[in-house]
Amino acid sequence: MKQFFILFSSLLFTGSLYHSQSLQNKESAPGNVKIIVLGNVQDAGSPQIGCRKECCLDLWKHPLQDRKITSLGLIDKELQKNYIFDASPDFTQQLQFLMEHTAIPKKTIPDGIFITHAHIGHYTGLMFLGKEAMNSRDIPVYTMPRLKKFFENNGPWSQLIRLQNIVPYEMQNETPIQVNSHLEVTPIQVPHRDEYSETVGFIIKGPHKKALFIPDIDKWNKWKYNITDLIKTVDYAFLDGTFYDSEEIGYRNIEDIPHPFVVESMELFKSLSPEYKKRIFFIHFNHTNKILNSESKQSKQVIEKGFNIARMGDEFEL
């Protein structure tokens with residue numbers, strides 16, 4: 001296990017000598033680079049279409065402004081750059097929320113968008129960059145190879161490329177991308193339902209700290225890597241918390257929508273020290289997941305066990 005940990009850390013986090021030295025030589029002052037949570041809900045939102053359960057009934061009449069689909073923003077104040085991880089159907093409001101927190105005058109577009117995979121909650125927000133809406137110009141969109149081909153060969157995404165609203169940049173698994181002199185992003189492929197594209201998580205490395213973002217994975221034991229070892233190498237781990245337990249699934253077959261239950265993850269991580277547990281932030285909650293309510297028994301259990309829950313507006317220094 002020790003040899004695995006050393007190899008894994010070396011593979012993912014040092015990258016080439018060029019990447020490592022670049023970040024160290026152009027270090028930003030603490031607080032200049034940060035992650036901001038732009039949403040924590042599963043792809044279809046909350047309330048969810050067609051839902052007449054207790055979890056949605058009141059929300060139809062009284063929507064909550066913090067019920068946005070999962071996405072992270074990345075702010076570099078010194079270089080005046082903004083980035084978004086996953087373009088959700090709530091992209092319009094989330095981009096506005098991000099811009100309000102950047103304090104960069106007149107800035108209205110992100111400097112890059114990183115996409116985890118081709119499920120509706122993670123890329124369909126790109127449509128708002130088209131001519132019917134923002135009509136943006138040359139926004140870099142970082143994708144894995146299959147997703148890049150999907151965008152290039154299927155409308156309306158191909159139109160975004162043809163009209164130069166977006167420019168797709170192909171990523172390679174476990175190969176670091178130096179986004180600017182302060183930031184490095186590494187995609188890491190995870191097992192998930194890959195109907196149209198690969199699925200990745202991201203290691204986001206800033207001048208001082210690192211974050212892991214894995215909003216979707218089938219099950220931790222299906223992955224070739226040990227998630228508990230990976231948590232020890234980062235400062236924040238935003239992890240798939242789609243379902244709290246099996247009671248939420250109801251009539252649906254979990255084999256059709258596999259995710260690690262939060263109770264499973266907490267059991268897997270229970271032997272971690274308090275220092276490592278507090279690095280874990282569950283995210284990407286189904287509309288049925290009672291963790292969405294900060295006053296629920298389930299939310300309090302997560303906190304009592306030493307873990308955290310990502311909430312919209314939370315900020316984390318990198």
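**Salt bridges and an open sheet**

User: Is lysine 34 buried or exposed?

Analyst: The relative accessible area of lysine 34 is 11%. Buried means under 20%, exposed over 50% and partly exposed in between, with a 1.4 Å probe and protein chains only. This is a predicted model, in which local features need pLDDT of at least 70 and side-chain atom pairs count only at pLDDT 80 or more, while totals for chains, interfaces and linings use all residues. Residues are numbered from 1 along each chain as its sequence is written, and side-chain values use heavy atoms, leaving out hydrogens and water; at 11%, lysine 34 counts as buried.

User: Which residue forms a salt bridge with lysine 34, and how many residues apart in sequence are the parts that the pair ties together?

Analyst: A salt bridge is a side-chain nitrogen of Lys or Arg within 4 Å of a carboxyl oxygen of Asp or Glu. The partner is glutamate 315, with the closest N and O atoms 2.8 Å apart. Glutamate 315 lies in strand β14 (residues 315–317) and lysine 34 in strand β1 (residues 33–39), so the parts tied together are separated in sequence by 281 residues. Strands are DSSP runs of E, at least two residues, and helices are runs of H or I, at least four residues, numbered from the N terminus.

User: Which residues are joined into one network with Asp111?

Analyst: Aspartate 111 meets lysine 81 in a salt bridge at 3.9 Å, N to O. Because aspartate 111 is in the loop between α4 (91–100) and β4 (112–114) and lysine 81 in strand β3 (residues 81–85), this pair ties together parts 30 residues apart in sequence. Aspartate 111 also forms a salt bridge with lysine 107, at 2.9 Å between the closest N and O atoms. Shared partners thus link Asp111 with Lys81 and Lys107.

User: Which are the edge strands of the open sheet?

Analyst: Two strands pair if DSSP finds at least two bridges between them. Seven strands form the sheet in the order β6-β5-β4-β3-β2-β1-β14, with mixed pairing. The strands that pair on one side only are β6 (166–170) and β14.

User: What is the bridge partner of leucine 72?

Analyst: Strand β2 (residues 71–76) and β3 run antiparallel and are joined by five bridges. The partner of leucine 72 lies in β3 and is phenylalanine 85.

User: Which residues does serine 296 contact beyond its neighbours within four places in sequence?

Analyst: Serine 296 sits in the loop between β12 (280–283) and α11 (297–304). Its relative accessibility is 9%, so serine 296 counts as buried. Contact means heavy atoms within 4.5 Å, and serine 296 is in contact with Lys290 and Ile291.
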